[in-house]
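Open your viewer, keep the selection box handy, and follow along at your own pace. Each stop tells you what to select and what you will find there.

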Protein chains: 2
Amino acid sequence: MWPAVARRRAGLALAVLAAALALEALAAWRRRRRPVREVLFFPSRVTCTEALLAEAAPPGACRCPLPRGDCPLSRLLRRLLSARRSLEICLFAFSSPQLGRAVQLLHRRGVRVRVVTDAQYMALSGSQIGHLRRAGIPVRHDQDNGFMHHKFAIVDKKMLITGSLNWTTQAIQNNRENVLIVEDAEYVKPFLAEFERIWEEYNPINYTFFSKENK
Amino acid sequence: MWPAVARRRAGLALAVLAAALALEALAAWRRRRRPVREVLFFPSRVTCTEALLAEAAPPGACRCPLPRGDCPLSRLLRRLLSARRSLEICLFAFSSPQLGRAVQLLHRRGVRVRVVTDAQYMALSGSQIGHLRRAGIPVRHDQDNGFMHHKFAIVDKKMLITGSLNWTTQAIQNNRENVLIVEDAEYVKPFLAEFERIWEEYNPINYTFFSKENK
C-alpha cells in the first residue's frame, strides 16, 4: 500500500488531469459549435494555388512565379475543397480555371456536384461549363429572358458561399467584389431550397426551345 | 377585512399576472435581442408600393392596377426605409425608380445617405444616379478598368443588405436573384470598413482621369 502523502499527490494529479481534459473538451465543443462566418473581398493579389489543387505533386513543388501565401481566392478554394459529400453551384458566369479545377477535383473524389448556370453566358469563350460537362458533372441552365444571376454554392448542405462574385478571373483580379461564407441555418436552408426549385425547373424535360409545331 | 378565501384568490390572481408579465417581458427581450436574418429571392410579382413611398397621400389612396400585398421588393423597401441616421449604398447598377424614390425620401428625412457606384454604368439610360446627385446626395465612383461590382447597403451602421441583386427593374422582375438582410456584426463590420475604404479611395481629389500633362 502507498503512503498517505503519495496517495494525496496521486489524487491531486488525477484531479488536475481531469480538469484539464474537461477544459479541453469544452474548448473543442465551443470550436465545433461555432458556425463559420467569413467575409472575403476582391480584387486581390493572386498567390500560387498549386499546393491546394495539385493531385500528385508534393506541396511546394510548383515553380511558377506567383507569390506564396494566403489570398481571398485561396481561402475560397479551401472552403470549396472541404466538401465531402455534395456541392451545389448556382452561377451566372463561371470561367476561372482554378475554381474549375477545384470543382473537377471534388467530382473525381466522389463528391456529388450539381451546377446551375445562365444559358446566355455558359457558351462564352473561356467558360468552364463545357469542361465540367465533359468531366461528367450534371449542368442545367435557364431558358428564359431573365438572367440566372445568382452567384452561390453550398458545401455539404451546410455551408453557403454567396456574394457579388462571379467565378471569373476578371472578377477575382480586377473587380470590387464580396463573398460571404456562412453556416447559419437561417441562410443556408432557403438557398438550398432555391437551388432545388431551380434544379427542377431547369430539368431538360421542361425545355421548350422548340415550338410544338417543330416537335 | 377580506375573508381568507378571497385573499387567497387575489394572491393567486396576482401571482398569475406577475408570471404572465414576466413571460411577456422575456419574450419581448428575446424578440429585441434577435438579429434580423432574412433572405429574399427574385424575380417576383411586383405589388403596389405607394403606401410605402408616398409622402402625402393616405394609405390605400393609390389607384394603380398593381396588386396589393407584400412582395420581395416591398420587403426590401421596408428595410431600407427603417433607416433613421445613415445609409451607405455601394451598387454596380441602380435604375429602379421605386428604390430611387426610397433613397431620396430618406435623404429628405435627414438620413445621411452616401452612394458609391460604377463609372461605366452610372450614366446609362434610366440610371438613378443623376437624380440622386441633383437631390444633393453625395455620389462617388471608381475610375479604373475593373467594375465596382458590389451590391450592398448598410442601414444605420447595423443592418447589411447584400446579394446578387442590382437595383434595377430588370433584375427585380426578370432575373433569378438573392438578397440577404443581416444584422450579425461579423458581417456588418467588414462591409462597413469596405465602404469607408472605397469612399476614401474614390474621393474626387484622387481622380486621375487626365494625365499630368493636361492638368
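The tour below goes from the two chains to their contact, and then to single residues and pairs.

**Stop 1: the two chains**

Before you start, keep in mind that this is a predicted model. Colour chain A and chain B separately. Chain A can be laid on chain B with an RMSD of 0.7 Å, by a turn of 179 degrees and a shift of 0.4 Å along the axis. The two copies are thus related as by a two-fold rotation axis.

**Stop 2: where the chains meet**

Now show the contact between the chains. How many residues does the contact take from chain A and from chain B? There are 36 residues from chain A and 36 residues from chain B. Of the interface residues of chain A, 100% are also interface residues in chain B, so the copies meet through the same surface.

The size of an interface is often given as the accessible area lost when the parts come together. Here chain A and chain B bury about 3000 Å² between them, with 55% of it on carbon and sulfur atoms. Select Arg37(A), Arg176(A) and Tyr187(A): they supply 28% of the area that chain A buries against chain B, more than any other three residues.

**Stop 3: Tyr187(A)**

Zoom in on Tyr187(A), which you will find in helix 8 (residues 185-201) of chain A. Is Tyr187(A) buried or exposed? Tyr187(A) is buried, with a relative accessible area of 0%. Leaving aside neighbours within four places in sequence, its contacts include Leu160(A) and Val182(A) in its own chain. Across in chain B, Tyr187(A) touches several residues, among them Val36(B), Arg37(B), Leu180(B) and Tyr187(B).

**Stop 4: charges across the contact**

Next, look for salt bridges between the chains: the count is nine. For one of them, select Asp184(A) and Arg37(B), whose side chains meet at 3.7 Å, N to O.

Another mixed group is made of rings. Select Phe41(A), Phe152(B) and Phe191(B), which ring pairs link into a cluster.

**Stop 5: helix 3 of chain A**

Select residues 72-81 of chain A, which make up helix 3. Seven of the 10 residues are buried, so this helix is largely enclosed by the rest of the structure. Among the buried ones are Leu73(A), Leu76(A), Leu77(A), Leu80(A) and Leu81(A).

Stay here and add Arg79(A) and Glu38(A), whose side chains meet in a salt bridge of 2.7 Å, N to O. Arg79(A) lies in helix 3 and Glu38(A) in strand 1 (residues 37-42) of chain A, so the pair ties together parts that are 41 residues apart in sequence. Arg79(A) is partly exposed, with a relative accessible area of 25%, whereas Glu38(A) is buried at 15%.

**Stop 6: Arg114 in both chains**

Move to Arg114(A) and show Glu196(A) beside it. They form a salt bridge, with the closest N and O atoms 2.7 Å apart. Arg114(A) lies in strand 3 (residues 112-117) of chain A and Glu196(A) in helix 8 of chain A, so the pair ties together parts that are 82 residues apart in sequence. Arg114(A) is buried, with a relative accessible area of 3%, while Glu196(A) is partly exposed at 31%. Add Trp199(A) too: Arg114(A) lies over the face of its ring, at 5.3 Å from the ring centre.

Switch to chain B, where Arg114(B) lies over the face of Trp199(B), at 5.3 Å from the ring centre. Arg114(B) also forms a salt bridge with Glu88(B), the closest N and O atoms being 3.0 Å apart. This pair links strand 2 and strand 3 of chain B, 26 residues apart. Both Glu88(B) and Arg114(B) are buried.

**Stop 7: aromatic pairs**

Finally, turn to the aromatic rings, which make 14 pairs over all chains. Select Phe94(A) and Trp167(A), an edge-to-face pair at 5.2 Å centre to centre, with 85 degrees between the planes. Phe94(A) lies in the loop between strand 2 (86-91) and helix 4 (97-108), and Trp167(A) in the loop between strand 6 (159-163) and helix 7 (169-174) of chain A, so the pair ties together parts that are 73 residues apart in sequence. Both Phe94(A) and Trp167(A) are buried.

For a last selection, try Gln128(B), in the loop between helix 5 (119-122) and helix 6 (129-134) of chain B. Gln128(B) is buried, with a relative accessible area of 8%. Among the residues that Gln128(B) touches are Phe94(B), Ser95(B) and Pro97(B).

Conventions: Residues numbered from 1 in each chain as written. Chains lettered and ligands numbered in written order. Predicted model: local features only at pLDDT ≥ 70, side-chain atom pairs only at ≥ 80, totals over all residues. Heavy atoms only, no water. Least-squares fit on C-alpha atoms with pLDDT ≥ 70 in both. Contact = heavy atoms within 4.5 Å. Phe/Tyr/Trp six-rings, centres within 6.5 Å; stacked < 30°, edge-to-face > 60°. Helix = DSSP H or I, 4+ residues; strand = E, 2+ residues; numbered from the N terminus. Buried < 20%, exposed > 50% of the residue type's maximum accessible area, 1.4 Å probe, protein only. Lys NZ or Arg CZ within 6 Å of the ring centre and 35° of its normal. Buried area = accessible area lost by both parts, 1.4 Å probe. Salt bridge = Lys/Arg side-chain N within 4 Å of Asp/Glu carboxyl O.
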